[in-house]
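The following exercises are to be worked with the sequence and the coordinates at hand. Each task is followed by a stepwise solution.

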Amino acid sequence: VILLLNRYTMARAVSKVNWSRLADLVPAEQKTSFIAFRMKTEGIATKAASLPDKPRDIDWDGYKSKLSREKQAVVDEMKKAMMGVKVSRPQNTLGGQIESLKSTYVSELQKEKAQREIRLGQLKKKSARYTSLADPHLMDIRTIFEVFPELDPEQFDWDKVKPELPEHDTEELDIEIPKLGELFGKKK
């Protein structure tokens, strides 16, 4: 009876077990025991999942017909005892609250998703502007100001665009550049 009541719970629990992670934790000398345990557990879960939702009805008349008249009273007692067994389950008082919270969260999630889609569209549109640009090194100053209207040519820091070259002596240095043959010598 317990197996029938918990068959869904058991099947779900076995399917959620991370067997590969558990196998990593098992010492090498216990691997065979672990594999046997896993196979047995999965076998039981498979059998539990294959059971019908509702247990089949007991054929009390069939049992009575196979017993003598004196022993038929035992079948009646068993039937009475079985009918007297009631599995009590607590009443579900939180289901409605959970469903209302779920619907609230789903609606909030949908709103957030819609806002993110709008933001994503804006960002894609903005990024398309930059991905379609030519290489800025190949643009002249006029093209740069046309492409980027937010840059004001009058307030632009031109010192960053035209860096000053370091000062150097105007004297010529007397350096003699060796010829290729002098550097490596002749082949023999």
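**Exercise 1.** Is Lys64 buried, partly exposed or exposed, and what is its relative accessible area? Determine also the salt bridge in which Lys64 takes part.

*Solution.* The model is a predicted one.
Step 1. The relative accessible area of Lys64 is 24%. Buried means under 20% and exposed means over 50%, so Lys64 is partly exposed.
Step 2. The side chain of Lys64 meets that of Asp76 in a salt bridge, with an N to O distance of 2.6 Å.
Step 3. This pair links distant parts of the chain: Lys64 lies in helix 5 (residues 60-66) and Asp76 in helix 6 (residues 72-84), 12 residues apart.
Step 4. Asp76 has a relative accessible area of 36% and is therefore partly exposed.

**Exercise 2.** Describe the overall secondary structure and the exposure of the protein.

*Solution.*
Step 1. The protein contains 10 helices and 0 strands. Along the sequence, the pattern reads α-α-α-α-α-α-α-α-α-α.
Step 2. Of the 188 residues in the protein, 8% are buried.
Step 3. The exposed area of the protein is about 18,200 Å², of which carbon and sulfur atoms supply 58%.
Step 4. Among contacts with a separation of 6 or more, 35% are between residues 24 or more positions apart.

**Exercise 3.** How many salt bridges does a search of the whole structure find? Characterise those within helix 4 and helix 7.

*Solution.*
Step 1. The search finds 3 salt bridges; one of them, between Asp76 and Lys64, was treated above.
Step 2. In another, the side chains of Arg38 and Glu42 meet at 3.1 Å, N to O. Arg38 and Glu42 are 4 residues apart in helix 4, so about one helical turn separates them.
Step 3. Arg38 is partly exposed at a relative accessible area of 33%, and Glu42 is likewise partly exposed, at 29%.
Step 4. Arg116 forms a salt bridge with Glu112, their closest N and O atoms being 3.2 Å apart. Both residues belong to helix 7 (residues 95-131), and because they are 4 residues apart there, they are separated by about one helical turn.
Step 5. Arg116 counts as exposed, with 57% relative accessibility, whereas Glu112 is partly exposed at 35%.

**Exercise 4.** Which residues do ring pairs link into a cluster? Classify the pair of Trp19 and Phe34 by its geometry.

*Solution.*
Step 1. The count of aromatic pairs comes to 2.
Step 2. The ring centres of Trp19 and Phe34 are 5.9 Å apart and the planes stand at 55 degrees. Planes under 30 degrees apart count as stacked and those over 60 as edge-to-face; the pair is therefore tilted.
Step 3. Trp19 is in helix 3 (residues 19-25) and Phe34 in helix 4 (residues 31-50), so that the pair links distant parts of the chain, 15 residues apart.
Step 4. Trp19 is buried, with a relative accessible area of 9%; Phe34 is buried as well, at 11%.
Step 5. The cluster linked by ring pairs consists of Trp19, Phe34 and Phe37.

**Exercise 5.** Which residues make the nonpolar surface patch of about 240 Å²? Is Leu25 buried or exposed?

*Solution.*
Step 1. The patch is made by Val17, Leu22 and Leu25.
Step 2. Leu25 is located in helix 3.
Step 3. The relative accessible area of Leu25 is 60%. Exposed means over 50%, and Leu25 is therefore exposed.

Terms used: Residues are numbered from 1 along each chain as its sequence is written. This is a predicted model: local features need pLDDT of at least 70, side-chain atom pairs count only at pLDDT 80 or more; totals for chains, interfaces and linings use all residues. Side-chain values use heavy atoms; hydrogens and water are left out. Helices (H or I, at least four residues) and strands (E, at least two) are DSSP runs, numbered from the N terminus. Buried means under 20% relative accessible area, exposed over 50%, partly exposed in between (1.4 Å probe, protein chains only). Contact means heavy atoms within 4.5 Å. Accessible areas come from the Shrake-Rupley method with a 1.4 Å probe; for residues, only the protein chains shown count as cover. Rings of Phe, Tyr and Trp (its six-membered ring) pair if their centres lie within 6.5 Å; planes under 30 degrees apart count as stacked, over 60 as edge-to-face and the rest as tilted. Patches are made of residues with over 30% relative accessible area and no salt bridge: like charges are joined within 9 Å, nonpolar side chains (Val, Leu, Ile, Met, Phe, Trp, Tyr) within 5 Å. A salt bridge is a side-chain nitrogen of Lys or Arg within 4 Å of a carboxyl oxygen of Asp or Glu.
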